[in-house]
Amino acid sequence: MAISKVVTGSAAACSGVQSGMTLMLGGFGLCGIPECSIAELVRLEVNDLTCISNNAGVDDFGLGLLLQKRQIRKMISSYVGENDEFERQMLSGELEVDLIPQGSLAERCRAGGAGIPAFYTPAGFGTEVAEGKEVRKFNGKPHILESALTADFAFVKAWKGDTAGNLVYKATARNFNPMMAMAGKITIAEVEELVPEGTLNPNEIHTPGIFVQRIFKGEGYEKRIEQRTVRPRQTESNA
Amino acid sequence: MLDKNGIAKRIAQEVRNGWYVNLGIGIPTLVANYIPDGMEVEFQSENGILGMGPFPLEGDEDADLINAGKQTITAMPGAVYFDSATSFAMIRGQHVQLTVLGAMEVAQNGDIANWKIPGKMVKGMGGAMDLVASAENIIVAMMHTNRAGQSKLLEACSLPLTGVGCVKRVVTNLAVLDIREGAFHLVERAPGVTVEEIVAATAGTLVVPDDVPEMQIS
């Protein structure tokens, strides 16, 4: 019988999260972010957090909610636009920010989960990202040494999950979630649909349940769209 | 002189059948609109899709389906979704044949600066550093001069670098230029633009051949 990872909801899932911890949060922009866990972190009033996340949300959604309450001490991200409160805290020195190339961020999380302490990448060579980092040439091309990232808790969002913690993501909401699931000492998955073990096709699972310690069915997803871009509908007659 | 769509049209002529292409935010995104019908090309967006399609019809937008600019998009038949580590494996591993991106400055040695202006809000480099460090074929799409009228094609970049010695070709509103042997080489003039105007708008070393054809843009 599979090991059950099910907890009752976001409150039970976030048990043990404390001030000063390092957290990973999946998502790209507002796509595929763990909405319910973020709401619970706001409610818990934990602060002095180091948050590893590709982006920092917008003013009133995503990680912006934690920034509003000054719960974050340091952000490790690749891109942090679209957030006025973030800018204010960064410029005033209240918030520490470590910007790293997106591919290096993804690979550092993957490495952290895969037991690889560091790796060489060409990204950032010759730029300020390379400052203080070891440089080594492979096949005549310079690379910089980047270290793995891990977290006390990783929060990920999936489309479907089963009681064993196996996860399936939808479309581009996958993004950083699979690597962060691997890199959390405790990984909390929130899902839109929670199904019994044996329901998901084992051929089609994206994140194996071994990487997930707690899973719960999220409620009330807002799934906000950052840039709504559409083509107008035209009927055949006026096309 | 070309507008942004003209620059995109000219860059679309560089795309070859069977290529996987990554388009950056801004002018590069427009390149997708000018790929000839029937050409087999797939667009990669580094947040995790290969086979990106046009914007959705009104009412069909899906919060779970966006591009790297966080815009709602669609997926073409044969599309695939993947995680960020796999996405950058495609980029770093040189499985993507062409990268098109914008720039604030390009230097005659191929250096590019496009992510940070000291003293202004720093938003981050996103995937740009990974893209320029690994892509074999990088085309920069940009205006020839900045809003203050200063050349963006320089002897050396003044802004913090995104990557070193990586840009091979630049397409601007005035010209197509190649970068090799530490200099810009004028390849084509935009319609109605003279060689003298291009020389005047280029701060870096510019090599001008005897014959500089005008771009052929429909």
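**Entry 1. The interface of chain A and chain B**

I began with polar contacts across the interface of chain A and chain B, and I found 29 residue pairs, both residues of each pair being at pLDDT 80 or more. I note that the model is predicted.

I then asked which elements of chain A give two or more residues to the side that touches chain B. They are α4 (84-91), α5 (102-114) and α6 (177-183) of chain A. Of these, α5(A) gives the most, with six residues. I sorted this side of chain A by class and recorded 22 nonpolar, 15 polar and 14 charged residues.

**Entry 2. Extent and salt bridges**

I looked up the contacts between the chains: 51 residues of chain A are in contact with 48 residues of chain B. The area buried between the two chains is about 4300 Å², and carbon and sulfur atoms give 59% of this area.

I counted six salt bridges between chain A and chain B. One of them joins B:Lys116 to A:Glu128, with 2.6 Å between the closest N and O atoms.

**Entry 3. B:Gln44**

I turned to a single residue of chain B. B:Gln44 lies in strand β2, which spans residues 41-45 of chain B. Is B:Gln44 buried or exposed? I enter B:Gln44 as buried because its relative accessibility is 1%, and buried means under 20%.

The side chain of B:Gln44 makes a polar contact of 2.8 Å with the side chain of B:Asn22. Leaving aside neighbours within four places in sequence, I listed the residues in contact with B:Gln44; among them are B:Val21, B:Leu23, B:Ile49, B:Leu50, B:Phe82 and B:Met90. B:Asn22 is also in that list, as is B:Ser87.

Notes: Residues are numbered from 1 along each chain as its sequence is written. Chains are lettered from A and ligands numbered from 1 in the order in which they are written. This is a predicted model: local features need pLDDT of at least 70, side-chain atom pairs count only at pLDDT 80 or more; totals for chains, interfaces and linings use all residues. Side-chain values use heavy atoms; hydrogens and water are left out. Helices (H or I, at least four residues) and strands (E, at least two) are DSSP runs, numbered from the N terminus. Buried means under 20% relative accessible area, exposed over 50%, partly exposed in between (1.4 Å probe, protein chains only). A polar contact is a pair of N or O atoms within 3.5 Å; within protein, one must be able to donate a hydrogen and the other to accept it, and residues adjacent in sequence count only if both atoms are side-chain atoms. Contact means heavy atoms within 4.5 Å. Buried area is the accessible area (1.4 Å probe) that two parts lose on being put together, summed over both. A salt bridge is a side-chain nitrogen of Lys or Arg within 4 Å of a carboxyl oxygen of Asp or Glu. Ala, Val, Leu, Ile, Met, Phe, Trp, Tyr, Cys and Pro count as nonpolar, Asp, Glu, Lys and Arg as charged, and the others, Gly among them, as polar.
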